[in-house]
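Work through the exercises below with the model open. Try each task before reading its solution.

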Amino acid sequence: MLPLAREPGRKAWLAVSLLMVVGFLKLSQADARIVVGVSTVNVAFLPIYLTQDKGFFKDEGLDVLVVMFNAGATNLQAMIGGDVQIMAGGVPETVLARASGVDIKNFWAISNLMPFQIYGSPKLKSLKDGKGKKFAISRFGSLSEFLTRSALRRSGVDPKDVTMLQIGATPARFTTLATGIVDATILWFPVTERARAVGMNKLFDLKDIYPNWTNVGFIAREAWLAKEKDQAARFLRAYQRGVKHTRENRDEGIKALRKYVGLDAAEAAAGYDEYRDSFPLDGRILDAGISATVEQEIESGRLKGKISLSEMIDNSFINSMGKR
């Protein structure tokens, strides 16, 4: 059996699981003002970790509780249910929820980078060999499913000709690939580094299709944004400080990645350098991901009609605060 990750990585995931449980306990006891759900533990959320660690939220008079989830869909359901006020997660993942009538809006970009690549077993040389194979995704309707379908189509493979299995977050998907349960899966840093290290082949880089892509952003229900506009603005002011601090303090960023993501020193440095410029100070959302998701979901039959960008994005905070 191939190893999932280095020991520090495993310890970090255990710590995150504990943080999630403790987080909900603290929520009931402390009545936290803003609960922020983070869809997974990854480099893309580095400014959130540092904003919290540096006390910038507290400086704005906010009591912010950051809760970690193991999948975007779970995070989204928690926000819809009212347990989470702000979701930090995949922007394209919100299309189907909005189409089903949920009053959610993307209102600030966290990372403008297409980070995903598809890796396969050593037997597969390219994604063109994917017909009849098993692919791991997180959940149906998730970003991982959408991007896998997009890559297959670009490679000339009909997604109907592969089997997609709902496995969960990136580490779990990597385990199924490493142990031969599936033939390929979509991964992102740092698990891509580990896939290469154990001899897996990179089959497709999603940057080839989507170079201008808002990967993750802040999402909230319209009713909450309207009612708590001042809180949302203070939250973003604190977060902007966190982004600026992240971009200007490489050593602290690397330390935070080691602490929260469980990376070793080399991986943390590589992750910081890869993502540093993807953290926008102005919060600008690149809408290519939303547009592409809408088209894909219409084609798949899960979406019956077009959704406009104005339905998906609240630009008011970006317009008022983005130039600060």
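**Exercise 1. A loop serine**

Leaving aside its neighbours within four places in sequence, with which residues is Ser-155 in contact?

*Solution.* The model is predicted. Start with the location: Ser-155 sits in the loop between helix H6 (143-154) and strand S7 (163-166). Next, list the contacts beyond four places in sequence: Leu-127, Lys-128 and Phe-204. Then follow the side chain of Ser-155, which reaches the backbone oxygen of Ala-151 at 3.0 Å. Finally, check accessibility. The relative accessible area of Ser-155 is 12%. Buried means under 20%, so Ser-155 is buried.

**Exercise 2. A valine in H13**

Is Val-294 buried or exposed? Find its contacts too.

*Solution.* Locate Val-294 in helix H13 (residues 288-300). Its relative accessible area is 4%, so Val-294 is buried. Now look beyond four places in sequence: Val-294 is in contact with Val-95, Leu-303, Lys-306 and Ile-307. Take Lys-306 from that list. Val-294 and Lys-306 are twelve residues apart in sequence, and their C-alpha atoms are 6.6 Å apart in space.

**Exercise 3. Crossing of two helices**

Describe how H11 and H12 cross, then sort the residues of their contact by character.

*Solution.* Two quantities are needed, because two packed helices are described by the angle between their axes and the distance between the axes. The axes of H11 (residues 250-260) and H12 (residues 265-275) come within 9 Å. They cross at roughly 120°. The range 65 to 115 degrees counts as roughly perpendicular, and over 145 as roughly antiparallel. The angle of H11 and H12 fits neither class, so the two helices are oblique to each other. Their crossing is right-handed.

Now the residues. H11 contributes Arg-250, Gly-253, Ile-254, Leu-257 and Arg-258. H12 meets them with Ala-265, Ala-268, Ala-269, Gly-271, Tyr-272 and Asp-273. Sorted by character, the residues of this contact are six nonpolar, two polar and three charged.

**Exercise 4. The surroundings of H12**

Which residues of H12 are buried, and which elements do they pack against?

*Solution.* List the buried residues: Glu-267, Ala-268, Ala-269, Gly-271, Tyr-272 and Tyr-275. Next, find their partners. The buried residues of H12 pack against helix H2 (46-53), strand S4 (104-111), helix H8 (191-197), helix H10 (229-248) and H11. Last, inspect the N-terminal end of H12, which Asp-264 caps. A side-chain oxygen of Asp-264 lies 3.2 Å from the backbone nitrogen of Ala-266.

Definitions and conventions: Residues are numbered from 1 along each chain as its sequence is written. This is a predicted model: local features need pLDDT of at least 70, side-chain atom pairs count only at pLDDT 80 or more; totals for chains, interfaces and linings use all residues. Side-chain values use heavy atoms; hydrogens and water are left out. Axes are lines fitted to C-alpha atoms, for helices over the stretch in contact, and angles run from 0 to 180 degrees between N-to-C directions. Helices (H or I, at least four residues) and strands (E, at least two) are DSSP runs, numbered from the N terminus. Angles under 35 degrees count as roughly parallel, over 145 as roughly antiparallel, 65 to 115 as roughly perpendicular and the rest as oblique. A crossing is left-handed if the near helix is turned anticlockwise from the far one by less than a right angle, and right-handed if clockwise. Contact means heavy atoms within 4.5 Å. Ala, Val, Leu, Ile, Met, Phe, Trp, Tyr, Cys and Pro count as nonpolar, Asp, Glu, Lys and Arg as charged, and the others, Gly among them, as polar. Buried means under 20% relative accessible area, exposed over 50%, partly exposed in between (1.4 Å probe, protein chains only). A polar contact is a pair of N or O atoms within 3.5 Å; within protein, one must be able to donate a hydrogen and the other to accept it, and residues adjacent in sequence count only if both atoms are side-chain atoms.
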